[in-house]
Amino acid sequence: LALSAAHASPGVHAVYGAQDVPGQNMIGHVLKDEPLFPDSEIMFYGQPLAMILAEDESIAEAAAKLVILEAEELPPVFSIEEAERLKQWYIPERKIARGDVDDALNKARYTIHGQSYTGGQEHFYMESQRTRAILTDHDLIHLLCATQSTMEVQEIAARVLGIPAHRIAVEVPRLGGAFGGKERSATIWAVMAALGAFLSGRPVQVMLTRDEDMRVTGKRHPFLSNWKIGFDEDGKIKAWDIELMCNGGAYVDLSVAILERAMFHADNCYHIPNVRIKGRACRTNLPPNTAFRGFGGPQGIFTIESALGQIAKKLNKDPLELRKLNCYQNGDITPYGQKISETSALKMLEQVAEAADYQKLIHEVHDFNSKHEHHKQGLGIMPVKFGISFTTALMNQGSALIWVYIDGSLSVSTGGVEMGQELNSKVALIVQRVLGLSYDKIRVESSHTQRTGNASPTAASTGSDINGNAARIAAEKIRKSLSEIARIMLQERYEIDSEELIFADDKVFAQAEPDKSIAFPELVRRAHQERTPLGAYGYYATPDLYFDRDLGQGNPFHYFVYGAAIARVQLGLLSGEHEILSTHIVHENAQSLHPDIDMGQVVGAFIQSVGWCTMEELVIDTKGRYLSANPSTYKIPGVRDLPRDLRVTLQPSKSAQASILGSKAVGEPPFMYGMAVFFALQNAIQSVKPEAELSFPATPEAIIRALN
Ligand code: MTE
Ligand code: HPA
Ligand code: MOS
């Protein structure tokens, strides 16, 4: 790698490569397999080799063209099949099993073998990857960083620079979307900015253009799976034998955890007594694939739903009845040993069938299909059970810090990152409920390592459970100490003696005497006079989580989120074009913190998934370059792609397991509903060609291929 010509060009301040790294040239996290800049082997097309610091971007771009690379080209591996043939896995095969699957397959009345494939997906967050690094006094490097993981960026930047973590402050004011694409993929850019500032002594900004971002960052993992399913004449499933393989890209990144979550969701909502789930994560020469909403869950669920589709076809059984027959009941045990309690899988299916008027739909679709030659309609059903918690138990912890200021206003910091999911609104609502303050008295601060250290990524849909609970605990501490002062003041002012205090409407009063109250600011000022702490730290760790990887058994999830969707589509047999006529979704979210926010998450996740299943296609050339690099070469859904008729019911419920203030996580589970559209298209195609199998994603081209 010859960098001198680039270095010599006017306006260039510095050029840094692997040899300039003062600490370890290593940004790998789960495994130590990923250098910041490669020093011998370049693993994928678009991998950063060095960085050029210049007055402005155009100078840097021009200088980059002067860099000379001499390299020997080795045969690349891009596909799962090829990586499997070469046994290119990051870690040995993983396995989860229960019962005797071989015996049960032998004894089953019917067996079907199949192979399923799901493709990748570009995150298409609005804000591309970026970090600004500023050196401040006291030898501190302040990173304003677009990451979901402040702790990881801090730790790895410190490792690369060879300095203590306390000299790096990572701050995230908010993100313009992330969807998992900044859980791990933000680190490399953040570390580059930190390195540039550290070595040059100047502020440095690293920021990708849309095209760069799409070409060089990792995506959702494509998955391939081989499976066998055994069942009886009623459709009761006896055995499920599956191997899941994912395309992880050049470095392990989060591939092992994503594979594991896919394995945890290979049962979806169904109780199967004999199960064997194997998983292998493959190394290929593509940008490292990474977290994306659902984190392997959608890929695992897709596989078993494909298998159920084939059972329904084989037995000529109603797809809804087949699913109801196999649904988990309370007391059942999952393949990984977690006991099912509080299941509402069956209830959700029944409710969505009622909401959609399923029998009428079947009749109408049948009627339409018999009358139209060139257009066909189809129905797809998608029940959902999605596990909530990081499957790596230690990540399920978080902290919060609250300051009540002397005027009665309040500032709360958590390790949670706001990325459009309205975490900050939820944190404010929680503090509001505990302290009875009006919303405008509460400010939710940026996520900042100096206020909330060691924060887990805001991911796995646990953001409000973990950070909300930490904020609740901090707020409860404040409430407790303020209550003592309030009792003194109520006594002095009104001669009220009360244990039960109410904090509401910016006041505190005894339950029995709501008219005799103390205003919150008065209370705070008095607390300060009495030398009572007005700050509090809250810490929360999700209880009862464990998983033994060697045994493949444990209790990885705090609870499950349940729901179901029914989609109706229409497609043109000549063009392959299609439209979603209607979608009904029933989504159980316990005691929602804010139904409007949750509704936004359900609808957003649904349409994002419809994009994955039916439009978004990543194309690479023979060198592994992504040709899909912007919305003109990569079709993402727009508002006109929503179903003509979309009905979402948020189903409240009482759940002893639900987390913060009785609510359930909502970020990822609704992503699963989009798959109903894929299966509806499959159903429409099979109405004219029963043996046809639709490939993924269901683009018009794929539909035409399936029909021919
Ligand atoms: N919603 C918006 N608007 N933007 C996002 O980036 N990320 C999703 C989901 N909803 C995302 C989003 C993903 S991948 C996760 S894990 C959760 O939000 C994270 O936030 P939470 O845990 O606070 O729900
Ligand atoms: N979900 C999201 N991110 C994660 C997980 C998970 O289960 N485990 C580690 N990172
Ligand atoms: Mo979400 S994929 O867990 O960031």
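Which polar backbone atom lies 3.3 Å from an oxygen atom of ligand 2? In this predicted model, local features require pLDDT of at least 70 and side-chain atom pairs pLDDT 80 or more, whereas totals for chains, interfaces and linings use all residues. Residues are numbered from 1 along each chain as its sequence is written, chains are lettered from A and ligands numbered from 1 in the order in which they are written, and side-chain values use heavy atoms, with hydrogens and water left out.

The backbone atom in question belongs to Thr391. Two side chains also make polar contacts (pairs of N or O atoms within 3.5 Å): a polar atom of Glu183 lies 2.9 Å from a nitrogen atom of ligand 2, and an N or O atom of Arg261 is 3.1 Å from an oxygen atom of ligand 2. Of the 260 Å² of accessible area that ligand 2 has on its own, 98% is covered by the protein (Shrake-Rupley method, 1.4 Å probe). The residues around ligand 2, each with a heavy atom within 4 Å, also include Phe295, Phe390 and Met395. By class, this shell comprises 5 nonpolar, 1 polar and 2 charged residues.

On the surface, Leu1, Ile42 and Leu69 form a nonpolar patch with about 260 Å² of accessible area together; such patches join nonpolar side chains within 5 Å, from residues with over 30% relative accessible area and no salt bridge (a side-chain nitrogen of Lys or Arg within 4 Å of a carboxyl oxygen of Asp or Glu). Ile42 is located in the loop between strand E1 (12-16) and strand E2 (51-54), strands being DSSP runs of at least two residues.

Key
A polar contact is a pair of N or O atoms within 3.5 Å; within protein, one must be able to donate a hydrogen and the other to accept it, and residues adjacent in sequence count only if both atoms are side-chain atoms. Ala, Val, Leu, Ile, Met, Phe, Trp, Tyr, Cys and Pro count as nonpolar, Asp, Glu, Lys and Arg as charged, and the others, Gly among them, as polar. Patches are made of residues with over 30% relative accessible area and no salt bridge: like charges are joined within 9 Å, nonpolar side chains (Val, Leu, Ile, Met, Phe, Trp, Tyr) within 5 Å. Helices (H or I, at least four residues) and strands (E, at least two) are DSSP runs, numbered from the N terminus.
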